[in-house]
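This report is written for a reader meeting the structure for the first time, and it looks at some paired strands and then at a single residue.

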Amino acid sequence: MRLSFACMRSNFGSVPRFILVICIFFAGISFLTSCSKTEAPEYLGFRNFAMESLSMDSSLFHTELVFYNPNPFSMELKRGDVNVFLNDKLANHYVTDSAINIPTKDTFYVPLNLKVSPKLLISSALSMLMNNNKIKVRITGSVRVKRSGVSFNVPINYEAMQSIQ
(Lines give C-alpha, C1' and ligand atoms only; values in the text may rest on other atoms or scores of the structure.)
Protein backbone atom coordinates (compact mmCIF):
# COMPACT_ATOMS: atom_id res chain seq x y z
CA MET A 1 0.00 0.00 0.00
CA ARG A 2 2.81 2.31 0.78
CA LEU A 3 4.46 1.72 -2.57
CA SER A 4 1.33 2.46 -4.58
CA PHE A 5 0.72 5.66 -2.58
CA ALA A 6 4.28 6.82 -3.32
CA CYS A 7 3.77 6.07 -7.03
CA MET A 8 0.50 8.02 -7.05
CA ARG A 9 2.18 10.97 -5.39
CA SER A 10 5.01 11.03 -7.93
CA ASN A 11 2.56 10.68 -10.83
CA PHE A 12 0.42 13.53 -9.54
CA GLY A 13 3.55 15.57 -8.89
CA SER A 14 4.77 15.17 -12.49
CA VAL A 15 1.44 16.04 -14.13
CA PRO A 16 1.38 19.66 -12.89
CA ARG A 17 5.00 20.13 -14.02
CA PHE A 18 4.15 18.80 -17.44
CA ILE A 19 1.13 21.12 -17.70
CA LEU A 20 3.28 24.03 -16.51
CA VAL A 21 5.89 23.31 -19.21
CA ILE A 22 3.18 23.14 -21.91
CA CYS A 23 1.61 26.39 -20.69
CA ILE A 24 4.99 28.17 -20.72
CA PHE A 25 5.70 26.79 -24.21
CA PHE A 26 2.38 28.04 -25.64
CA ALA A 27 2.69 31.37 -23.83
CA GLY A 28 6.14 31.83 -25.37
CA ILE A 29 4.88 31.00 -28.85
CA SER A 30 1.92 33.38 -28.54
CA PHE A 31 4.25 36.13 -27.28
CA LEU A 32 6.60 35.65 -30.23
CA THR A 33 3.80 35.67 -32.80
CA SER A 34 2.11 38.72 -31.27
CA CYS A 35 5.36 40.70 -31.56
CA SER A 36 5.32 40.68 -35.34
CA LYS A 37 8.19 42.22 -37.26
CA THR A 38 7.76 45.91 -37.92
CA GLU A 39 7.51 46.76 -41.60
CA ALA A 40 9.17 49.90 -42.88
CA PRO A 41 6.72 52.64 -43.85
CA GLU A 42 6.00 52.84 -47.58
CA TYR A 43 7.17 55.96 -49.42
CA LEU A 44 4.28 57.49 -51.42
CA GLY A 45 5.99 60.65 -52.69
CA PHE A 46 5.95 64.24 -51.54
CA ARG A 47 3.50 67.13 -51.40
CA ASN A 48 3.52 70.89 -50.92
CA PHE A 49 6.82 71.31 -52.77
CA ALA A 50 7.92 74.96 -52.55
CA MET A 51 11.09 76.96 -53.12
CA GLU A 52 11.96 78.99 -50.03
CA SER A 53 15.03 80.78 -51.38
CA LEU A 54 17.30 80.81 -54.40
CA SER A 55 20.89 82.03 -54.45
CA MET A 56 24.17 81.36 -56.26
CA ASP A 57 25.42 79.25 -53.33
CA SER A 58 22.39 77.10 -52.62
CA SER A 59 18.66 76.81 -53.01
CA LEU A 60 16.33 75.94 -50.14
CA PHE A 61 13.22 73.88 -50.81
CA HIS A 62 10.52 72.80 -48.40
CA THR A 63 8.33 69.75 -48.89
CA GLU A 64 6.57 67.03 -46.93
CA LEU A 65 7.43 63.40 -47.57
CA VAL A 66 4.33 61.22 -47.64
CA PHE A 67 4.48 57.72 -46.11
CA TYR A 68 2.01 54.95 -45.34
CA ASN A 69 2.28 52.82 -42.19
CA PRO A 70 1.35 49.21 -43.16
CA ASN A 71 1.64 47.99 -39.55
CA PRO A 72 -1.42 47.12 -37.44
CA PHE A 73 -0.14 49.38 -34.65
CA SER A 74 0.70 53.04 -34.22
CA MET A 75 4.24 54.27 -33.59
CA GLU A 76 6.08 57.49 -32.99
CA LEU A 77 8.95 58.66 -35.17
CA LYS A 78 11.64 59.85 -32.77
CA ARG A 79 14.61 60.52 -35.05
CA GLY A 80 15.41 60.33 -38.74
CA ASP A 81 18.85 60.22 -40.36
CA VAL A 82 18.58 59.97 -44.15
CA ASN A 83 20.34 60.91 -47.36
CA VAL A 84 18.21 62.36 -50.16
CA PHE A 85 19.40 61.72 -53.73
CA LEU A 86 18.05 63.39 -56.86
CA ASN A 87 18.97 61.50 -60.04
CA ASP A 88 21.55 59.48 -58.06
CA LYS A 89 23.35 62.61 -56.83
CA LEU A 90 23.38 63.44 -53.13
CA ALA A 91 21.10 66.44 -52.65
CA ASN A 92 21.24 66.61 -48.85
CA HIS A 93 21.87 64.71 -45.63
CA TYR A 94 18.86 65.25 -43.39
CA VAL A 95 18.51 64.69 -39.65
CA THR A 96 15.32 65.29 -37.69
CA ASP A 97 14.70 64.95 -33.97
CA SER A 98 11.08 66.06 -33.89
CA ALA A 99 8.50 63.52 -32.72
CA ILE A 100 5.92 62.61 -35.37
CA ASN A 101 2.89 60.42 -34.70
CA ILE A 102 2.58 57.45 -37.09
CA PRO A 103 -1.05 56.27 -37.09
CA THR A 104 -2.10 52.64 -37.58
CA LYS A 105 -2.49 51.67 -41.26
CA ASP A 106 -2.66 55.31 -42.34
CA THR A 107 -0.75 58.05 -44.14
CA PHE A 108 1.61 60.40 -42.31
CA TYR A 109 3.83 63.32 -43.35
CA VAL A 110 7.44 64.19 -42.55
CA PRO A 111 8.54 67.81 -43.19
CA LEU A 112 11.79 68.13 -45.13
CA ASN A 113 13.96 71.15 -45.89
CA LEU A 114 16.36 70.50 -48.75
CA LYS A 115 19.39 72.67 -49.35
CA VAL A 116 20.41 71.96 -52.95
CA SER A 117 23.39 73.25 -54.90
CA PRO A 118 22.56 75.21 -58.07
CA LYS A 119 24.72 72.78 -60.09
CA LEU A 120 22.57 69.83 -59.00
CA LEU A 121 19.43 71.88 -59.56
CA ILE A 122 20.38 72.65 -63.18
CA SER A 123 21.34 69.05 -63.99
CA SER A 124 18.09 67.80 -62.37
CA ALA A 125 16.05 70.33 -64.36
CA LEU A 126 17.60 69.12 -67.62
CA SER A 127 16.89 65.51 -66.68
CA MET A 128 13.28 66.38 -65.82
CA LEU A 129 12.77 67.95 -69.27
CA MET A 130 13.88 64.71 -70.90
CA ASN A 131 11.77 62.51 -68.56
CA ASN A 132 8.31 64.13 -68.76
CA ASN A 133 8.77 66.30 -65.62
CA LYS A 134 9.85 63.33 -63.54
CA ILE A 135 12.88 63.09 -61.32
CA LYS A 136 14.39 60.04 -59.67
CA VAL A 137 14.21 60.41 -55.89
CA ARG A 138 16.08 58.02 -53.60
CA ILE A 139 16.02 58.17 -49.80
CA THR A 140 18.34 55.95 -47.74
CA GLY A 141 19.15 55.82 -44.04
CA SER A 142 17.24 54.89 -40.92
CA VAL A 143 14.57 56.18 -38.59
CA ARG A 144 14.17 55.53 -34.89
CA VAL A 145 10.60 54.70 -33.94
CA LYS A 146 8.95 54.04 -30.62
CA ARG A 147 6.23 51.45 -30.04
CA SER A 148 4.75 50.64 -26.63
CA GLY A 149 7.65 52.32 -24.85
CA VAL A 150 10.33 50.45 -26.82
CA SER A 151 12.51 52.30 -29.35
CA PHE A 152 14.18 50.61 -32.32
CA ASN A 153 15.69 51.48 -35.71
CA VAL A 154 13.93 50.83 -39.00
CA PRO A 155 16.05 50.96 -42.17
CA ILE A 156 14.83 53.22 -44.97
CA ASN A 157 15.58 52.58 -48.65
CA TYR A 158 13.16 54.13 -51.15
CA GLU A 159 13.52 54.87 -54.82
CA ALA A 160 10.86 56.24 -57.15
CA MET A 161 10.32 58.43 -60.17
CA GLN A 162 8.53 61.52 -58.86
CA SER A 163 6.46 63.93 -60.95
CA ILE A 164 7.07 67.63 -60.37
CA GLN A 165 4.20 69.97 -61.26
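In this predicted model, strand β3, which covers residues 75–86, is joined by 10 bridges to strand β7, which covers residues 134–147, and the two strands run antiparallel. Within this pairing, Asp81 stands opposite Ser142 of β7. Strand β7 also pairs with strand β8, residues 150–163, again in the antiparallel sense, and here the pairing extends over 14 bridges. One of the positions where a partner can be named is Val145, whose bridge partner in β8 is Phe152. The hairpin formed by β7 and β8 has 2 residues between the strands, and in this hairpin Ser148 takes a positive phi near 50°.

The residue to turn to next is Glu64, which lies in strand β2, a strand that spans residues 59–68. Is Glu64 buried or exposed? Its relative accessible area is 18%, and Glu64 is therefore counted as buried, since the cut-off for that class is under 20%. The side chain of Glu64 takes part in two polar contacts with other side chains, as set out below.

| Side chains joined | Polar contact |
|---|---|
| Glu64 and Arg47 | 2.7 Å |
| Glu64 and Asn48 | 2.9 Å |

When its neighbours within four places in sequence are left aside, Glu64 is in contact with Gly45, Phe46, Arg47 and Asn48, and also with Tyr109, Val110 and Pro111. Arg47 and Asn48 thus appear both among these contacts and as the partners of Glu64 in the polar contacts of the table.

Note on methods. Residues numbered from 1 in each chain as written. Predicted model: local features only at pLDDT ≥ 70, side-chain atom pairs only at ≥ 80, totals over all residues. Heavy atoms only, no water. Helix = DSSP H or I, 4+ residues; strand = E, 2+ residues; numbered from the N terminus. Buried < 20%, exposed > 50% of the residue type's maximum accessible area, 1.4 Å probe, protein only. Polar contact = N/O pair within 3.5 Å; in protein donor to acceptor, adjacent residues only side chain to side chain. Contact = heavy atoms within 4.5 Å. Pairing = 2+ DSSP bridges.
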